[in-house]
Amino acid sequence: VIELYKMVASVEPCLTSPVSDLPAILNRELATPASLAAYVAPGLKAIKQAAEYEAAVAAAEAAEKMETMKLAASEAESAIKAAEKAKAEKAAAEKAAARLKATRVAINAGGLVLKKMGNEAAFKARYVWVDEDKKTVNWSKGETKEGPFKSITLAPGVVISAPTFNAAKAASMFGAAEPDGYIITVTEAPGKPSLDLKIEGGTADANAWVTAMQLLCVPKAK
């Protein structure tokens, strides 16, 4: 095309017909800038359209790849979150299991539990344990079984309530701060103040205390 322009500029005759037969040669269609432009215009237009098409295809492919990458990133993020959630749930389950194991040991061995009588307003930490041999639930102001302590005999007729959730409380003029826990009420007999125990942990921990005391209230088969 450049050479053709040079020939036109130097006023040299040239053939521009794509047909190379004799009539066309004898006709000697001389190229002019206008005819040359008309000759190359379709080709340039086709080249432009092809380039635009390829650019559009490339843009579409790039957009598709970007969406694929976004989807992969989203799936990876979801997988990571699911793994983290599973890990956290496993850790929580293991922690709960370890706590329940410790609770079951503490029921008989003894441990600090929030305790109050039914006629008292605030809970106080006391060393509490269940004696399976004597069939009693006991509490002491000390931190061991040694020393003075009080008891309720776990016998037929003693009522032990199902655990009731009790939210944490801030310290006040009526008592110290309290954590979340489950209250179990042991009623020895009508007219007597009940024993209220606030068990920390989950329902499984509270139910372990309930079960341990209820079993001792069941009369022996004759």
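This passage describes the fold, burial and salt bridges of a single protein chain, as seen in a predicted model.

The overall layout comes first. The protein chain contains 4 helices and 8 strands. Read from the N terminus, the order of elements is α-α-α-β-β-β-β-β-β-β-β-α, so that three helices precede the run of strands and a helix follows it. Of the 222 residues in the protein chain, 25% are buried. The exposed surface of the chain comes to about 15200 Å², with carbon and sulfur atoms supplying 62% of that area. As for contacts between residues at least 6 apart in sequence, 41% join residues that are at least 24 apart.

Helix α4 offers a simple check on geometry. This helix covers residues 203-217, which makes 15 residues. Because each residue is expected to add 1.5 Å, the helix should span 21 Å, and the end C-alpha atoms are indeed 21 Å apart, in agreement with that expectation. Several residues of α4 are buried, among them Trp209, Val210, Met213 and Leu216. The buried set in α4 also includes Asp205, Ala206, Ala208, Ala212 and Cys217.

Attention now turns to charged pairs. Side chains of opposite charge can pair when their charged atoms come close. The structure holds 4 salt bridges, and three of them are described here, beginning with a pair inside a helix. Glutamate 77 and lysine 81 form a salt bridge in which the closest N and O atoms are 3.5 Å apart. Both residues belong to helix α3 (residues 33-109), where they sit 4 residues apart, or about one turn of the helix. An α-helix has 3.6 residues a turn, so residues three or four places apart point the same way. Glutamate 77 counts as partly exposed because its relative accessibility is 44%, a value that lies between the 20% and 50% limits.

A second salt bridge joins glutamate 178 and lysine 198, with an N to O distance of 2.9 Å. This pair links distant parts of the chain: glutamate 178 lies in the loop between β6 (164-166) and β7 (181-187), whereas lysine 198 belongs to strand β8 (residues 195-199), and the two are 20 residues apart. Both glutamate 178 and lysine 198 are buried.

A further salt bridge brings together the side chains of glutamate 188 and lysine 192, at 3.6 Å from N to O. With a relative accessibility of 26%, glutamate 188 counts as partly exposed. Lysine 192, at 45% relative accessibility, likewise counts as partly exposed.

Methods. Residues numbered from 1 in each chain as written. Predicted model: local features only at pLDDT ≥ 70, side-chain atom pairs only at ≥ 80, totals over all residues. Heavy atoms only, no water. Buried < 20%, exposed > 50% of the residue type's maximum accessible area, 1.4 Å probe, protein only. Contact = heavy atoms within 4.5 Å. Areas by Shrake-Rupley, 256 points an atom, 1.4 Å probe, with all protein chains shown as cover. Expected span 1.5 Å × (residues − 1).
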